[in-house]
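Got the model loaded in your viewer? Here is a walk through it, one selection at a time.

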Amino acid sequence: MTASLSRPGRSTTALRELNGLRVLVLHPQDAESRLLMSHLKRIGCVPTQQWPLPDKLCTDADVVVLPIEEDYRDAIQKLADGLNALSPPLVGIVEYENPATLQLVLHSGCTGVIERPIRPFGLLTQLLLARTAWRQQAATMAHMRKLEGRYAAVSKVATAKTLLIAREGITENEAHRRIQGRAMATRSSLEDVAQTIINEFS
């Protein structure tokens with residue numbers, strides 16, 4: 001009973017996640033694209049359609065959906081090569097019976113796949129998975145940049161202390177206090193003061 005009661009809550013959360021999601025549909029104008037656009041609108045997404053496949057992805061979309069077909073191999077590969085870690089995730093429309101298509105899915109870097117014929121539940125699930133994977137990757141990259149920034153700051157302070165110790169014959173604690181004192185006096189960060197000291201002794 002508990003499981004059955006929890007399902008509506010999960011469904012509501014999922015639909016809320018998709019509400020207003022900007023989806024770029026890279027697909028020819030045909031019956032499949034019309035069905036896809038209809039499904040996307042029905043689940044609360046904001047889809048836009050574009051064709052042919054662009055050489056480079058220039059969009060503010062949250063997710064990109066495109067057919068993964070052998071006929072489009074070169075265009076898909078060129079598009080995928082221009083993506084970076086923060087580009088919107090790709091969700092491919094595929095036919096699982098075709099091994100060559102599956103290989104192209106891997107090469108394209110798709111984070112989700114929708115099997116033909118397109119069904120609303122499969123579409124919803126893959127959009128959610130793609131967005132979740134993208135958010136996790138973005139969070140990981142932000143954390144790495146933060147760590148890199150901290151390391152750079154610590155490294156500069158260490159270099160400045162080493163220069164003060166070598167040039168002025170003071171202890172490490174004295175060098176650290178001097179850097180702190182200058183930072184407080186000038187209302188600057190330790191990193192900025194350390195860089196100033198490095199420049200002074202360069």
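Select Arg-116 to begin. In this predicted model, Arg-116 has a relative accessible area of 18%, so it falls under the 20% cut-off and counts as buried. Now bring up the side chain of Glu-32: it meets Arg-116 in a salt bridge, at 2.6 Å from N to O. The two sit in distant parts of the chain, 84 residues apart, with Glu-32 in helix H2 (residues 31-42) and Arg-116 in the loop between S5 and H5. Buried or exposed, what is Glu-32? Buried, with a relative accessible area of 18%.

Keep Arg-116 on screen and add Glu-95. These side chains also meet in a salt bridge, this one at 3.7 Å, N to O. Glu-95 belongs to the loop between S4 and helix H4 (99-108), and Arg-116 to the loop between S5 and H5, so this pair ties together parts that are 21 residues apart in sequence. Glu-95 itself counts as partly exposed, at 40% relative accessibility.

**Next stop: Arg-22 and Asp-60**

Jump to Arg-22 and show Asp-60 with it. They form a salt bridge whose closest N and O atoms are 3.7 Å apart. Arg-22 is in strand S1 (residues 22-26), while Asp-60 is in the loop between S2 and S3, so parts 38 residues apart in sequence are tied together by the pair. Check the surface here: Asp-60 is exposed at 55% relative accessibility, whereas Arg-22 is partly exposed at 36%.

Which residues join Arg-22 and Asp-60 in a network of salt bridges? Add Asp-62 and Arg-131 to the selection; through shared partners, the four form one network. If you want to hunt down the rest, the count for the model comes to 12 salt bridges.

**The sheet**

Switch to cartoon view. What is the strand order in the open sheet of five strands? Follow S2-S1-S3-S4-S5, with the pairing parallel. Strands S2 (46-50) and S5 (112-115) are at the edges and have a single partner strand each, so one side of each lacks a neighbour in the sheet. From one strand to the next, the twist averages 25 degrees.

Zoom in on S3 (residues 63-67) and S4 (residues 90-94). They run parallel and are joined by four bridges. For a landmark along this pair, pick Val-64, which has Leu-90 of S4 standing opposite.

**Into the core**

Select Val-65 and ask for its contacts. Leaving out residues up to four places away in sequence, Val-65 touches Val-23, Leu-24, Val-25, Leu-26, Leu-36, Val-91, Ile-93, Ile-114 and Leu-127.

Now widen the view to the largest nonpolar core, which has 20 residues. Val-65 is among those with the most contacts inside this core, along with Leu-18, Leu-36, Leu-40, Cys-45 and Leu-127. Colour S1, H2, S3, S4 and H5 to see the elements that give two or more residues to this core. Which element gives the most? H5 does, with five residues. There is also a second, separate core of 17 residues; Leu-24, Ala-61, Leu-79 and Cys-110 are among its members.

**Along H5**

Stay with helix H5 (residues 120-168) and pick Lys-161, which lies in it. Buried or exposed, what is this lysine? Lys-161 is buried, with a relative accessible area of 15%. Show what is around Lys-161: apart from residues up to four places away in sequence, Lys-161 touches Glu-172, Ala-175, His-176 and Ile-179.

Arg-135 is also placed in H5. Its relative accessible area is 35%, which makes Arg-135 partly exposed. Try the distance tool on Arg-135 and Pro-88: C-alpha to C-alpha they are 10.0 Å apart, with their positions 47 residues apart in sequence.

For another pair, go to Arg-34 in helix H2, which counts as exposed at 53% relative accessibility. The C-alpha atoms of Arg-34 and Gly-112 are separated by 20 Å, and the two are 78 residues apart along the chain.

**Zoom out**

Finish with the whole chain, coloured by domain. Domain 1 covers 14-118 and domain 2 covers 144-201. How far apart are the centres of domain 1 and domain 2, taken over C-alpha atoms? They are separated by 49 Å.

Conventions. Residues are numbered from 1 along each chain as its sequence is written. This is a predicted model: local features need pLDDT of at least 70, side-chain atom pairs count only at pLDDT 80 or more; totals for chains, interfaces and linings use all residues. Side-chain values use heavy atoms; hydrogens and water are left out. Two strands pair if DSSP finds at least two bridges between them. Axes are lines fitted to C-alpha atoms, for helices over the stretch in contact, and angles run from 0 to 180 degrees between N-to-C directions. Buried means under 20% relative accessible area, exposed over 50%, partly exposed in between (1.4 Å probe, protein chains only). Contact means heavy atoms within 4.5 Å. Domain bounds come from an automatic or database domain assignment. A nonpolar core is a set of buried Ala, Val, Leu, Ile, Met, Phe, Trp, Tyr and Cys residues joined through side-chain atoms within 4.5 Å.
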